[in-house]
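Hi everyone, thanks for making time for this. I'd like to walk you through a structure, so let me put it up on the screen first.

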Amino acid sequence: MPVLPKPLRNPLVLVGSGVIVALFLVAALAPVLAPYGPQSGTLLDRFEPPGPRHWFGTDSSGFDIFSRVLYGARPAVGSGLIVLAVSTSAGTAVGLLAGYGRGAWGEVLLRITDVFLAFPGLLLAMAVVAAIQQRTLWAIVVAISLRWWAPYARIVTAQTLAIREREYVEAARSIGARHLRVLLRHVLPNAFSPVVVQATLDLGAIILTTAALSFIGFGAEPGTPDWGRMVADGRQYMRDHWWVVLFPGIAIFFAVAAFNLAGDGARDAFDPRLRGE
Amino acid sequence: MIGFVARRLATLVAVVFGAMTVTFVIARVIPQNVAQIWAGVQGFKVTPDVIALVTRQYHLNEPLIVQYGYYLRDLASGRWGTSPVTGRPVAVDILMYLPNTMELAAAALLLAVAVSVPMGVVAARARNSWVDQASRALALIGVAAPTFWIGLLLQFVFYYWLGWVRDPGGMLSDSTLALYPVRHVTGFVVLDAALTGNGPGLLDAINHLALPAISLALPLVALLSRMTRSSMLEVLNQDYVRTARAKGMPEWRVTWRHALRNALMPTVTVLGLSTGWLLTGSVVTELIFYWPGVGRYAVGAVTSFDFPAVTAYTALAALIFSLANLLTDIVYAYVDPRIRFA
Amino acid sequence: MDRRHSATLSRRDVLRRALAGGALGMGFGAGWLSRAAGTASAQRAISGTLQVAWDQVQDNLDPQTARGNRNWWVLTELYDTLTYLPGYSLDAKPYLAESWTVSGNGTVYTFKLRRGVKFTTGSELTAEAVKYSIDRMQSTKLGPLFLTVPFDHADVVDRYTVRFVLKYPYAAWPVILAHPAVCSIVDPKIAEAHGGVQPGKRNEYLSANTAGIGAWTIDRWDQSQRIVLVRNPDYWRGWKGPHLNRVVLETVPEEQTRLLRLEKGDIDIATVNAQSLPGLEDRIARGHLPIGIEKAKNGQPLVSLSTMQVNMNNKLLPTSDINVRKGLSYAFNYNLFISKVMNGYAVRMAGMIPRGILGHVSDYPLVDFDLTKAKAAFDAASAQAKAELAKGVTLRYVPGYVLGQEGAVMWQQDLAKIGVRLILQEIDQATLSSLQTSAPGVPLIEGRWVGDFPDPDNFISSARTDYWPPRGFGAAFAGDAKTDSLIERGRMEQNPARRRAIYRELELYFRDQYAILMVAEPSGVLNKWNARASWVQGFQYNPMFHPLFYETYKQG
């Protein structure tokens, strides 16, 4: 298979990447693909078992679970990407400053990063959502991002510190390149690959964290086709209507598994030492 | 070595102080109408004078910096503030539930190490064998399946279908407590039962511990077994392993003594990080298995707007996590001479 | 890799897996062991234990400072009261009081106490102790003081006679005294020995220990897990005949887990919510499970003496406009909600006073779901209200408390059809009660009234201004002169027929004002003790479903 890049030759990574591509496609095309809207149906149609009319059955509000699982790709991918956009940019900025700037400033930034790293993610998110007093997807995104940037800052700091010492940066410096240029041209590209690996793995972790928050009672807005919320809300009907919990649960599982497989693949590609071959 | 530990300890103090500041901001700066909500918790009629009383009691109208002073004083005094919901010092409640969480976390950690290290080693030795595939599948499930989903499933299978566990949750069954009370020695039920020679109590405690420990351990098994596998693969190709083999050392000795000892290094580093998962995962696990731990207490506190309790636990979790990482660093430094003087 | 090596390894691997499996198995095997060891000897030693699995967590068992049914349900077992409501009765019967008289103007109640009754602490029940207890609630100011608004003071007449002087005539007083929070009698000696009475402060000792007269005492309280009650051997009613030895009240928060344990036969009584009842009944029928769900009592369907409503603030825009309230009321699909979300375990709420209580209006003119009428009403609203409505109106609710997500979403969708945007906001119980109890409140908030005592005055409490602040309890329809005067007259009236007329006038006035959105009156089948193993006999509760385990026993 000459055309495939190396990491994709691992069948599991291939499957994972395929699922991710499918996930993004579903998120984009949900209105086209879904037979029903995410909230179409009435209480009269509730708890219909899986069948030709409703492939995954209907939920406690009478909504088509198949459609909701498809639409659910949107908040899953969306909130994940927003959290990542916030945390990678904040994390990269802090990391670059901490790693590149010498002295007290770098030290302070590092300590602030350490403080946020010290919080277990779910606990901090839980406290923040409660403090904001808003149980919306936005509140969850804010709450998760508050902790999530810290590992990126760590990664970027470590990379920056390592690269800073390397000769080519020294050389670039000595020929008078300005700091910003050094940062952009030399440090950032090198920090890029571990950040991408971490981000891929994190997309899965974010989905799991929002699901756990939903379980605790801090979910997205009522009626939102959010997988975590669907499982959390559906668990009280599980004994009689298994499909209400099963399908969104499977969606979570596949999405998270895919991001993990792809993340592992990306890591193998970027860091040959860790390759399991 | 001592200098290294001292330096790390100083960092830890700074980090915990920072964590307390963050929790203060979350508890006192962000929320609106705190006095009104707490007054509502305390009395049926929220009149202006009740709100004024609560405001005074919790110094809510003082400047933030003064409030911060009171907050630190509360934490330092060992009471960790007074809960507006239960009216008790937060420390009393948390210390009552904390041993239970620690017991669950310890069991999950032991279980994870006991399962994942051998599994990782075997998977590395017999690549693409059924063990390797099974461990890969298990790792995927552990990483990707929501903990509460797994927990509900375990209850259904092992309690309802197979009947292998006595209760789908809780720490000890009532009959055990009535007939074979576990005497309080350390506060950890399994340990106490073992120390006092209480056989039925010990068995019952382990029986109740099994399912929550498994569901909490699963993501760790995933992490640790893959970690062990990949570092094992790396180590097995090293010169000294080849030398040992060439010298005619039995293969099992090469694997389990020579290679494993060195392959475990990365696994040790992950153990510190696992504490983060144990603290997070215990919240959901304790809810499913109605385990009387501090995670379940924290959720109750969050939903009843009991901010002194929430912040105390969040800060405590940060402390535990930092301590665990410090410990890992020390162990790592001790094991790996290259890092010792870093 | 050498083939031979991998073969040996995989055999070793099997061995090791077996070892690991054994370690795991020990945990499970323990189940069999302790179960086998437990059955023979344990059954004898702890026979007569009633296992209850419910979803409640207790935080305080001091009768004068505890709040909420979750605590009161347990306190009923620990503290007998002067009167009680046995066998689902709406009338007060003598309990620790042998008899009572009421003065001609209805303001002075004189109770003769049963003689020779002992507290679990050994002291004797005296009038002094009764006065001490009710005064203690008034001075700590932590209990549900709204229940004792009529109370002025108590006098000790002699050692066994106590007199309650009320601020105004109040016919329901003997019934109120059956409430565990109002007149649980504590041993003054014990209370004084542990800190006495301090305003605004809980008594740490009494919060966790009993010092009363009751059939049961606390054997063990594993915080947030279970409360174990054991017989009080010296109980004044005696223990002749079949009785339980112990009652274990275990907190099992997940409904699915309660169901599993109940269906496996490990639990004698469990709480099962409306959404799981049809499925459970189905499995009972198919699997011949020895479980029963009580649907009727004395030939009558069980009523809950509680109401589920959405309170519409009559002082805040847009709900201060009667047309907006009318539109919202017409846009709620009551029957669909009751048949689907409540699975039929509810009836239409017809007035604030529920069925079975004096003053309930049997021919109440219900508001029926009608989107055309709703639209017309919204169109008739004032310009100000319309402008406010255009921004969307927010419904705050606690998930699973009254409406649940399904009910809220249903209402939201129906309102959307006529161009009204309902924003759903989930809140927690603490925020809900704070919004309900303080001004200015919010336009829409759900509320639930679980009866405390079977008198109309309790059910129109949410409109009372002497206890709740104006615009208070979700602003049902408070702070209105006509409401206040009707409530005042209703509570003081002694003649039942005239009283009924007053409440009718009040209810119809509320109806004309579209004062509250009456969601449903849940069926009494949804009580906390609704699913019971068939061997549980003689289980009693009062009309508010406070259990009485004294007469319960297990047989078969």
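Before the pictures, one term: when I say polar contact, I mean a pair of N or O atoms within 3.5 Å, and within protein one of them must be able to donate a hydrogen and the other to accept it. Please also keep in mind that this is a predicted model.

With that term in hand, let's zoom in on a glutamate in chain C. E521(C) and R355(C) are joined through their side chains by a polar contact of 2.9 Å. E521(C) sits in strand β20 of chain C, which covers residues 516-522. Is E521(C) buried or exposed? The cut-off for buried is under 20% relative accessible area, and E521(C) comes in at 2%, so it counts as buried. Who surrounds it? Setting aside neighbours within four places in sequence, E521(C) touches S306(C), A346(C), V347(C), R348(C), M349(C), P354(C) and R355(C). So R355(C), the polar partner at 2.9 Å, turns up in that contact list too, because the list takes heavy atoms within 4.5 Å.

Now to salt bridges. Over all chains, the structure holds 48 of them. I've picked a few for today.

Let's start in chain A. D114(A) and R154(A) form a salt bridge through their side chains, with 2.9 Å from N to O. This pair ties together distant parts of the chain: D114(A) belongs to helix α3 (residues 104-117) of chain A and R154(A) to helix α5 (residues 137-165) of chain A, with their positions 40 residues apart. The two partners have their own settings. D114(A) is buried at a relative accessible area of 11%, while R154(A) is partly exposed at 40%.

Over in chain C, R286(C) and D282(C) make a salt bridge of 3.2 Å, N to O. Here both residues sit in helix α9 (residues 277-287) of chain C, 4 residues apart, which is about one turn of the helix. R286(C) is exposed, at 60% relative accessible area, and D282(C) is partly exposed, at 40%.

Also in chain C, D222(C) and R226(C) form a salt bridge whose closest N and O atoms are 3.2 Å apart. Both D222(C) and R226(C) are buried. And they have company: a network of salt bridges links D167(B), D174(B), R220(C), D222(C), R226(C), R246(C), E250(C) and R261(C). If you're colouring by chain, you'll see members from B and from C in that network.

Let me step back to chain A as a whole. How many helices and strands does chain A have? The tally is 9 helices and 0 strands, so to speak an α-α-α-α-α-α-α-α-α pattern when read along the sequence. Of the 277 residues in chain A, 56% are buried. Among contacts in chain A with a separation of 6 or more, 70% are between residues 24 or more positions apart.

Next, how chain A meets chain B. Chain B brings 48 residues to the contact and chain A brings 44. Together they bury about 3700 Å², with carbon and sulfur atoms giving 81% of that area. The rule finds 0 salt bridges across this interface, and 1 residue pair in polar contact, both at pLDDT 80 or more. On the chain B side, the helices that each supply at least two residues include α1 (2-29), α10 (199-236) and α12 (251-288). The largest share comes from α14(B), with 8 residues. Sorted by class, the chain B side has 34 nonpolar, 10 polar and 4 charged residues.

Finally, the inside of chain B. The domain assignment gives domain 1 as 1-85 + 304-342 and domain 2 as 91-303. Taken over C-alpha atoms, the centres of the two domains of chain B are 29 Å apart. Domain 1 puts 21 residues into the contact and domain 2 puts in 19. Between them they bury about 1700 Å², 76% of it on carbon and sulfur atoms. Which residues of domain 1 bury more of its area than any other three? They are S304(B), Y313(B) and Y332(B), supplying 33%. This interface has 0 salt bridges and 7 residue pairs in polar contact, both at pLDDT 80 or more. The domain 1 side divides into 14 nonpolar, 4 polar and 3 charged residues.

That's my tour, and I'm happy to go back to any of these views.

Terms used. Residues are numbered from 1 along each chain as its sequence is written. Chains are lettered from A and ligands numbered from 1 in the order in which they are written. Side-chain values use heavy atoms; hydrogens and water are left out. Domain bounds come from an automatic or database domain assignment. Buried area is the accessible area (1.4 Å probe) that two parts lose on being put together, summed over both. A salt bridge is a side-chain nitrogen of Lys or Arg within 4 Å of a carboxyl oxygen of Asp or Glu. Ala, Val, Leu, Ile, Met, Phe, Trp, Tyr, Cys and Pro count as nonpolar, Asp, Glu, Lys and Arg as charged, and the others, Gly among them, as polar. Buried means under 20% relative accessible area, exposed over 50%, partly exposed in between (1.4 Å probe, protein chains only).
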